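Here are a few exercises to work through with the model open beside you. Try each one before you read its solution.

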Amino acid sequence: RVSFLITANNRIAIENLLSRSLQYVFSLSIPLTTILLFLSDEIIEVLAGNAFAPSALTLRIISFIPIINGLSNVYGFQLLLPFNQEKRVLIAVAIGSVVCIALGIFLAPYLAQDGSAIAYLLADVAVTITMMYHANSFVKLRYSLSYILKIAFSCLLFIPLIFSCRMLFDQALFVLVSSCISCAILYMIM
């Protein structure tokens, strides 16, 4: 759709379309990040077992990836590529690769998998910031701060729900399932 709007030279429609796309990204990625952040212990226990409990911190570190990659997708693949800016996307990915390798070499020996997770997270941040910088020369996307704050407030209400589920159930699977269901219902209501 963006490619068609570019050929029609309709910048306003492009801005509106991609701004709506950003709203979808925030609507899905912020709740997902919140769930990953606060239920990482249960997710790791259910998927990998107690032997992998230390990797819950690793999951918390990379829990912000959905937001970052969502923004990267909008700015890079939904905006830069339709404007035939493959070179700028390549530059952003190259910067991210350099950041990931450099930080991975430095952090992994000291922090093991957590160091690699930090390197991966910061590399994705570098890619996204680079894409945002390049994309702003083509289209200025609008953020609705009030919309983002509504989502964030709704997701903050997940925290007492998750702790309540932990008080009700002893098994990680029941905590995980009941938390996800109750958070999803609350989010839809909000």
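**Exercise 1.** Is Phe158 buried or exposed? Compare Tyr187 as well.

*Solution.* Keep in mind that this is a predicted model. Start with the cut-off: buried means under 20% relative accessible area. Phe158 has 2% relative accessibility, so Phe158 counts as buried. Tyr187 has 22%, so Tyr187 counts as partly exposed.

**Exercise 2.** Classify the ring pair formed by Phe158 and Tyr187.

*Solution.* A pair of aromatic rings is described by the distance of the centres and the angle of the planes. Searching the whole structure gives five aromatic pairs. In one of them, Phe158 and Tyr187 have ring centres 6.2 Å apart and planes at 75°. Planes over 60 degrees apart count as edge-to-face, so this pair is edge-to-face. Now place the partners: Phe158 lies in helix H8 (residues 158-168) and Tyr187 in helix H9 (residues 172-189), so the pair links distant parts of the chain, 29 residues apart.

**Exercise 3.** Do the same for Phe169 and Phe174.

*Solution.* Their centres are 6.0 Å apart with 40° between the planes, which makes the pair tilted. Next, check accessibility: Phe169 is partly exposed at 31%, and Phe174 is partly exposed at 44%.

**Exercise 4.** What span would a straight helix of 50 residues have, and what does H6 show?

*Solution.* At 1.5 Å a residue, the straight helix would span 74 Å. Helix H6 (residues 86-135) spans only 12 Å between its end C-alpha atoms. Then look at Leu111, where H6 bends by about 150°.

Notes:
Residues are numbered from 1 along each chain as its sequence is written. This is a predicted model: local features need pLDDT of at least 70, side-chain atom pairs count only at pLDDT 80 or more; totals for chains, interfaces and linings use all residues. Side-chain values use heavy atoms; hydrogens and water are left out. Helices (H or I, at least four residues) and strands (E, at least two) are DSSP runs, numbered from the N terminus. The expected span of a helix is 1.5 Å times one less than its number of residues. The bend at a residue is the angle between axes fitted to the seven residues ending there and the seven starting there. Rings of Phe, Tyr and Trp (its six-membered ring) pair if their centres lie within 6.5 Å; planes under 30 degrees apart count as stacked, over 60 as edge-to-face and the rest as tilted. Buried means under 20% relative accessible area, exposed over 50%, partly exposed in between (1.4 Å probe, protein chains only).
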